[in-house]
Amino acid sequence: MRRKLFTVALVVALAAPPRILWGADAGRIQFENRQKDSGISFVLDNGTVPDKPMIDGIPGGVALLDYDNDGYLDIFFTNGASLPGLAKEGDKFSNRLYHNNHDGTFTDVTDRAGLRGEGYSVGAAAADYDNDGRTDLYVTGFDRNFLYRNNGDGTFTDVSAKAGVPGVSSAGKKLWGISAAWLDYDNDGKLDLFVANYLDWSFATSRVCGLPGKRLSCSPTFYKGEPNILYHNNGDGTFTDVSEIMGISRNIGKGMGVAIADYNDDGWMDIFVANDNDRNFLFKNRGGKAFDEVGVESFVAYTDSGLPVSSMGVDFRDWNNDGKPSLIVTALGGETYPLFRNEGNGFFSYESYKAGIGFRSFKMSGWGAGIQDFDNDGYKDLFTANSHVSENADLDSQQHYRQANAVFRNMHDGTFQDVSGDAGSGMQIRAAHRGCAFGDLNNDGKIDVVVSAIGSPAELLYNTSTGDNHWILIKTVGVKSNRDGIGTRIKVTTASGLVQYNHVTTAGSYASSNDPRVHFGLGTGAIIKEIELRWPNGTVQVLRNVKTDQILTVTEE
């Protein structure tokens with residue numbers, strides 16, 4: 001059955017509209033890895049052991065955050081621990097925070113910040129949960145999660161116990177947290193917290209797969225999934241677990257990636273969860289009062305084959321400029337990366353092959369993912385951080401453990417072109433890539449990517465794309481809404497008539513956290529005709545005749 005569907009997909013792909021021929025002045029997408037000269041020496045250590053338990057393939061996330069409010073993004077990496085002890089023994093297992101020195105270099109400030117961490121860390125989510133103007137940090141992991149409050153002096157305090165967000169189910173069971181997302185689900189001006197949890201797994205129940213010396217990561221189908229958690233922000237530094245009453249915990253999955261967007265344009269943020277070898281979840285927000293899981297009826301639970309894939313990373317943004325957030329999900333080799341287009345009527349269509357990424361992603365295994373405009377032409381492109389889950393994947397001649405990352409250029413006609421192999425693309429590094437985060441590290445108006453990799457140095461992929469296209473970065477400051485403005489929907493119209501949409505969020509990718517500033521590539525236009533912001537509390541704010549090539553701070557009126 002799979003073979004038949006695969007053949008049909010080929011016909012669809014060949015029947016797709018011809019791709020736009022780019023002019024010589026269109027520029028090209030390219031990146032340069034500047035890790036060696038950056039001062040960042042971080043290497044993700046998964047503490048692997050010969051039997052290859054499930055846990056050693058899962059780390060690790062990356063967060064881009066401006067923790068000291070100096071206008072430049074700093075970098076936080078999560079790290080593993082010894083197995084089976086789950087202890088951060090020595091520096092090699094420490095989580096790491098690097099301060100951006102504004103000159104392309106970074107300084108390790110982990111110890112002073114108090115962020116070395118405990119246990120086996122996996123994901124990170126950054127945002128200002130207490131509305132004090134300072135970015136805080138939530139770190140997920142196996143058996144326990146941590147909330148670090150930013151003290152404003154370069155240090156953080158672990159307030160997990162006081163805040164009540166340890167990652168424990170309502171029945172008191174410790175859960176395996178992977179990804180987390182900050183969102184204001186009830187639009188009350190305070191950021192709430194969603195945590196995607198993975199498997200009911202332990203060393204006591206751990207299975208062994210493969211031959212001695214050639215062990216493979218076992219399939220998640222051997223284990224039950226776990227409920228996700230939704231914490232409501234009480235506004236006093238504490239949170240209440242509302243997973244059950246909001247309709248979240250009754251849906252048991254194997255959550256890995258999470259992203260948020262208002263997919264039906266009703267003013268309330270919805271939640272998508274990428275589940276590993278299980279159906280994906282789309283939690284539809286019912287006016288802040290409850291969530292309905294509508295993945296199956298919205299056609300995002302499965303691919304067009306009616307089967308789940310090994311969903312890992314996800315991003316949820318409008319990639320065809322129609323005002324409707326759509327999805328990219330990464331998966332294992334042999335499954336392709338699902339691309340779900342939002343049709344605007346409550347339904348999504350599966351368009352991986354029609355859009356041109358089906359065959360290209362068939363041999364890829366992906367983790368982090370992003371929908372970003374890398375060449376500033378006004379159309380968002382795709383990026384995936386690639387690697388197989390199993391260290392011994394190369395025993396199968398069709399699979400590879402270490403893989404190069406991929407970038408797909410938006411061709412403006414509903415299709416994408418794989419430009420990863422182009423000269424200068426910067427996509428030649430083969431590694432065990434995992435989480436990746438997106439943001440403008442040097443404030444030059446181009447979106448950069450930071451990628452974590454097991455057993456090799458993290459990659460700082462600076463965007464060096466050519467061409468003279470314009471851009472704008474918008475930083476939102478909420479007054480009646482949450483301080484970060486998370487959930488604000490933004491529409492930008494250029495003088496030439498190009499209309500784009502995006503929204504404020506740090507969630508997305510795999511176990512990672514992105515630049516909260518909203519980026520728009522603007523093509524050749526030097527003036528923005530109009531910027532419309534729809535804040536979470538319902539306020540609509542319009543700016544006109546705005547200059548391009550700037551970082552614009554907009555405070556809610």
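This passage walks through a predicted model of one protein chain, from its overall build down to single residues.

Start with the big picture. The chain contains five helices and 40 strands. A compact globule of 557 residues would be expected to have a radius of gyration near 24 Å, and the chain, at 21 Å, agrees with that. Measured out along the principal axes, the C-alpha trace would fill a box of about 60 × 55 × 50 Å. Buried residues account for 61% of the 557 residues. The accessible surface adds up to about 19,800 Å², and carbon and sulfur atoms supply 50% of it. As for who touches whom, take the contacts between residues at least 6 apart in sequence: 60% of these bring together residues at least 24 apart.

Next come the strands around E4, which can be followed one pairing at a time. Strand E2 (residues 62–65) pairs with E3 in the antiparallel sense, over four bridges. In that pairing, Ala 63 sits opposite Phe 76 of E3. Strand E3 (residues 74–77) in turn pairs with E4, again antiparallel, through three bridges. Phe 76 turns up here too, with Leu 97 as its bridge partner in E4, while Ile 75 has Tyr 98 as its partner in E4. The side chains of E3 split into two groups: Asp 74 and Phe 76 point one way, Ile 75 and Phe 77 point the other way, and all of them are buried.

Strand E4 (residues 96–100) is mostly covered too, with five of its five residues buried. Arg 96, Tyr 98 and Asn 100 point one way from this strand, whereas Leu 97 and His 99 point the other way. On to the next partner: E4 pairs with strand E5 (residues 106–108) over three bridges, in the antiparallel sense. One of the matched pairs is Asn 100 with Phe 106 in E5. E4 and E5 make a hairpin, with five residues between the two strands. In the turn of that hairpin, His 102 has a positive phi of about 75°.

Two open sheets are also worth a look. One has four strands in the order E10-E11-E15-E16, with antiparallel pairing. Its edge strands are E10 (177–183) and E16 (239–241), each of which pairs on one side only. Neighbouring strands in this sheet are turned against each other by 25° on average, ignoring direction. At one end of the order, strand E15 (residues 229–233) and E16 are joined in the antiparallel sense by three bridges. His 232 has Thr 240 in E16 as its bridge partner.

The other open sheet has five strands, ordered E1-E33-E32-E31-E28, and its pairing is antiparallel. Strand E1 (31–33) and strand E28 (403–404) each have a single partner strand, so one side of each is left without a neighbour in the sheet. Within this sheet, strand E31 (residues 430–439) and strand E32 (residues 448–454) pair in the antiparallel sense over six bridges. Gly 439 has Asp 448 as its bridge partner in E32.

Then there is the nonpolar interior. The largest nonpolar core has 51 residues, and Trp 182, Phe 194 and Ile 531 have the most contacts inside it. Leaving out residues up to four places away in sequence, Phe 194 touches a whole list of others, including Ala 180, Leu 183, Ile 229, Leu 230, Ile 248, Val 258 and Phe 283. Another core, of 24 residues, lies apart from this one and has Tyr 120, Trp 176, Leu 199 and Tyr 223 among its members.

Finally, one residue gets a closer look. Val 407 belongs to strand E29 (residues 406–410). Is Val 407 buried or exposed? Its relative accessibility is 1%, and because buried means under 20%, Val 407 counts as buried. Setting aside residues up to four places away in sequence, Val 407 touches several residues, among them Ile 29, Phe 374, Leu 382, Val 419 and Met 427. Val 407 and Gly 370 are 37 residues apart along the sequence, and their C-alpha atoms are 9.5 Å apart in space.

Key:
Residues are numbered from 1 along each chain as its sequence is written. This is a predicted model: local features need pLDDT of at least 70, side-chain atom pairs count only at pLDDT 80 or more; totals for chains, interfaces and linings use all residues. Side-chain values use heavy atoms; hydrogens and water are left out. Two strands pair if DSSP finds at least two bridges between them. Axes are lines fitted to C-alpha atoms, for helices over the stretch in contact, and angles run from 0 to 180 degrees between N-to-C directions. Buried means under 20% relative accessible area, exposed over 50%, partly exposed in between (1.4 Å probe, protein chains only). The radius of gyration is taken over C-alpha atoms; the globule rule is 2.2 Å times the number of residues to the power 0.38. Contact means heavy atoms within 4.5 Å. Accessible areas come from the Shrake-Rupley method with a 1.4 Å probe; for residues, only the protein chains shown count as cover. A nonpolar core is a set of buried Ala, Val, Leu, Ile, Met, Phe, Trp, Tyr and Cys residues joined through side-chain atoms within 4.5 Å.
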